[in-house]
Amino acid sequence: MLRRLIEAGINPLTATADQIDAWWLALAREGLAPKTMSTYRAELRAFFAWAVAYDRIKVSPARRVPSVKIPERLYDAPPRAEVLQLYAYAEEHDPVMYRAFVLAAAGGLRAAETAILSWARIDTIGQIIRVIGKGNKERAVDFGKASLERLGEPCPPEWSVLTRGVNYLTPNAVSKRASRVIRAAGLNFTLHGLRHFHGVTAYQNAGKDLDAVRRHLGHTNPATTLIYAKAAPEAGRKLADATDL
């Protein structure tokens, strides 16, 4: 990042806010990936924060550089055939991860959400899962009948859905173990990719109702799934049917 500044004829220790703003705008016009731009911004701000802390400059000239939004990656969503292939492999070789995969693909749950899910939060009659998501916020997720059956017979309320016992896995353990099973199955995506599968499949098969998808995935910021969509009352059930493999 500093090399780019110097190549543009800007001395980092004498740069003005206007110079940095102009340089950043030119950089943005190069069409660099959002992640790359985000990294450059972090490096830029870190350097000038150091310069201010050690009295090299009085005020950071990068203070007006805008944040960079990195779009959620949807391109790693696996096709339906690969999800079913993973189901078949995991059911035989790792039933615990099999249930995690079902929750991610059919319900859009994150690794952390599957890790803490207890049977008390599954309404098998109404086919609803009450998920505790980010910020300790609860959301109701419609779940398909076939997917509920894949989770097995209901256990005592306090038991983990994944382990079918009193012991719970940590979110990190779920993610790492899921990655090992996916690779062992000869596939190339992530547990979070199954969440993307849920979102993409639901959007394409449930009337393209982005607001319903947003609620199912638990997005806090409506902009993540486009705030202009309004959910129909029956959209949740359509969503569950679309991803119920």
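Arg164 is partly exposed in this predicted model, with a relative accessibility of 25%. Its place is in the loop between α7 (145-150) and α8. The backbone at Arg164 has a positive phi of about 55°, although the residue is not a glycine. Gln127 also has a positive phi of about 55° without being a glycine. Gln127 belongs to the loop between β1 and β2 and is partly exposed, its relative accessible area being 21%. Since the buried class lies under 20% relative accessible area, Gln127 at 21% falls in the partly exposed class.

The loop that holds Gln127 leads into a small topic of its own, the sheet. Three strands form an open sheet in the order β1-β2-β3, and their pairing is antiparallel. The edges are taken by β1 (122-123) and β3 (138-142); each has a single partner strand, so one side of each is left without a neighbour in the sheet. Strand β2 (residues 128-132) is joined to β3 by five bridges, and the two run antiparallel. Within the sheet, Arg130 stands opposite Ala140 in β3.

Ahead of the sheet in the chain, Ser118 lies in the loop between α6 (111-115) and β1. Ser118 is buried, with a relative accessible area of 12%, a value that falls under the 20% cut-off for this class. Which residues is Ser118 in contact with, once its neighbours within four places in sequence are left aside? The partners are Pro157, Glu158, Trp159, Val161 and Tyr168.

Turning to the helices, α5 (residues 95-107) offers a simple check on its length. With 13 residues at 1.5 Å a residue, this helix should span 18 Å, and its end C-alpha atoms are 17 Å apart, which agrees. Helix α5 is also mostly covered, as 12 of its 13 residues are buried. The buried residues include Val96, Met97 and Tyr98, and also Phe101, Val102 and Leu103. Arg99 is buried as well, and so is Gly107. Just after α5 comes Gly108, which takes a positive phi of about 75°.

Helix α4 (residues 80-93) meets helix α8 (residues 171-184): their axes come within 10 Å and cross at roughly 110°. The two helices are therefore roughly perpendicular to each other. On the α4 side, the contact is made by Leu86, Tyr89 and Ala90, and on the α8 side by Val181, Ile182 and Ala184. What classes of residue make up this contact of α4 with α8? Six are nonpolar, with no polar and no charged residues. A general point helps in reading such a contact: an α-helix has 3.6 residues a turn, so residues three or four places apart point the same way.

Helix α4 also contains Arg80, which is partly exposed at 45% relative accessibility. Arg80 and Leu245 are 165 residues apart along the chain, yet their C-alpha atoms are separated by 8.5 Å. Not counting residues up to four places away in sequence, Arg80 touches Phe197, Ala242 and Leu245. Leu245 is thus both a distant position along the chain and one of the residues that Arg80 touches.

Key:
Residues numbered from 1 in each chain as written. Predicted model: local features only at pLDDT ≥ 70, side-chain atom pairs only at ≥ 80, totals over all residues. Heavy atoms only, no water. Axes fitted to C-alpha atoms, helices over the stretch in contact; angles between N-to-C directions. Helix = DSSP H or I, 4+ residues; strand = E, 2+ residues; numbered from the N terminus. Parallel < 35°, antiparallel > 145°, perpendicular 65-115°, else oblique. Contact = heavy atoms within 4.5 Å. Nonpolar A, V, L, I, M, F, W, Y, C, P; charged D, E, K, R; others polar. Pairing = 2+ DSSP bridges. Buried < 20%, exposed > 50% of the residue type's maximum accessible area, 1.4 Å probe, protein only. Expected span 1.5 Å × (residues − 1).
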